[in-house]
Amino acid sequence: MHVELVSQPGNTAAKVSLRPGEVCTAESGAMLAMSSNMQITTTTHKKQSGSLLKAAKRLLGGESLFLNHFEPQNTPGEVWLGTDLAGDMLVLPLNNDNLIVQGGSFLACDQGIEVDLGWQGFKSILSGESIFWLKLKGRGTAVLSSFGAIYPIEIDGDYIVDTGHIVAFSETLQFSITKAGKSWLQSILGGEGMVCKFSGRGTVWCQSHNEGSFGGLLGPNLKAGSKR
């Protein structure tokens, strides 16, 4: 599977080229266009092992109920993938690595990668963000998306990241939810609230924009406009 990202970084789309026998698994509704020889199979999980339990876990992880599997027939083919929110994408090769992905940031992967749920407990509930994280594991290529620009932060020790700006991070990192300032009052008044404190060695991929903050800003304006 070969992935080419176009129109980076603000309105990125992914052009996925496949040879016969190769399969691209993508989020439901992500397809923009495709070659006429592309066959689509829809399941609740892997192409050959869909289950309602896996589907329920994916819903809790912030992802859609179904996955679409694209496979060209007889000759090479291509499929174009996009996202609902404007932003960038990241192509990550995994070599039996485990990657934790924030719900909603997973876009696609090849057949060598398993998509499962990574439960992070009550510390995620307290953060006000997604309760669940997705875990990608195996060998292959994954495509992630972000709201706004996406950039990596290499961590060796301790590091603080706002919970709403996390796209993904290495499973080698440990994390805990804590206040941003010296006191809870400072954290609330400063507009930061709770943050994620990472420790260890690994990479955190962040996005420049926060979906929750954007929705909170846009929501009242949409309501006001609907009354006119």
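Here is a friendly walk through this structure, from its strands to its core, its charged pairs and its unusual loop residues.

This is a predicted model, in which local features need pLDDT of at least 70 and side-chain atom pairs count only at pLDDT 80 or more, while totals for chains, interfaces and linings use all residues. Residues are numbered from 1 along each chain as its sequence is written, and side-chain values use heavy atoms, with hydrogens and water left out.

Let us start with a sheet. Strands here are DSSP runs of E with at least two residues, numbered from the N terminus, and two strands pair if DSSP finds at least two bridges between them. In general, strands of a sheet pair through backbone hydrogen bonds, either parallel or antiparallel. In this model, 4 strands form an open sheet in the order 1-2-7-4, with antiparallel pairing. Its edges are strand 1 (2–6) and strand 4 (31–34), each of which pairs on one side only. On average, neighbouring strands of this sheet are turned by 20° against each other, direction ignored; here axes are lines fitted to C-alpha atoms, and angles run from 0 to 180 degrees between N-to-C directions. Look at strand 1 and strand 2 (residues 13–18): they pair in the antiparallel sense over 5 bridges, and Leu-5 stands opposite Ala-14 in strand 2.

The loop between strand 1 and strand 2 deserves a pause. Most residues other than glycine have a negative phi, and most peptide bonds are trans. Ser-7, in this loop, has a phi near 60°, a positive value in a residue other than glycine. Pro-9 is also placed in the loop between strand 1 and strand 2, and the peptide bond from Gln-8 to Pro-9 is cis, with omega near -5°.

Next, which residues are covered and which are not? Buried means under 20% relative accessible area, exposed over 50%, and partly exposed in between (1.4 Å probe, protein chains only). By this scale Ser-7 is exposed, with a relative accessible area of 54%. Asn-74, in the loop between strand 6 and strand 7, is exposed too, at 75%, and has a positive phi of about 75° although it is not a glycine.

Strand 6 (residues 67–72) offers a contrast: 6 of its 6 residues are buried, so strand 6 is largely enclosed by the rest of the structure. Leu-67, His-69 and Glu-71 point one way from strand 6, while Asn-68, Phe-70 and Pro-72 point the other way. Strand 6 pairs in the antiparallel sense with strand 3 (residues 24–27) over 4 bridges, and with strand 5 (residues 38–43), also in the antiparallel sense, over 6 bridges. In strand 6, Leu-67 is the bridge partner of Glu-27, and His-69 is the bridge partner of Thr-41.

Now for the interior. In soluble globular proteins, nonpolar side chains tend to be buried together. A nonpolar core is a set of buried Ala, Val, Leu, Ile, Met, Phe, Trp, Tyr and Cys residues joined through side-chain atoms within 4.5 Å. The largest such core has 18 residues, of which Leu-99, Val-101, Phe-106, Leu-136, Leu-144, Ala-168 and Trp-205 touch the most other members. Strand 8 (89–102), strand 9 (106–110), strand 10 (113–119), strand 11 (132–145) and strand 13 (166–170) each supply at least two residues of this core, and the largest share, 5 residues, comes from strand 8. In strand 11 you will also find Val-143, which counts as buried at 1% relative accessibility. The C-alpha atoms of Val-143 and Leu-92 are separated by 6.3 Å, although the two residues are 51 residues apart along the chain.

Finally, turn to the charged pairs. Side chains of opposite charge can pair when their charged atoms come close. A salt bridge is a side-chain nitrogen of Lys or Arg within 4 Å of a carboxyl oxygen of Asp or Glu, and the whole structure has 4 of them. One joins Glu-78 and Lys-15 (3.6 Å, N to O). Glu-78 lies in strand 7 (residues 77–81) and Lys-15 in strand 2, so this pair ties together parts that are 63 residues apart in sequence. Another joins Arg-19 and Glu-22, with the closest N and O atoms 3.0 Å apart; Arg-19 counts as exposed at 56%, whereas Glu-22 is buried at 14%.
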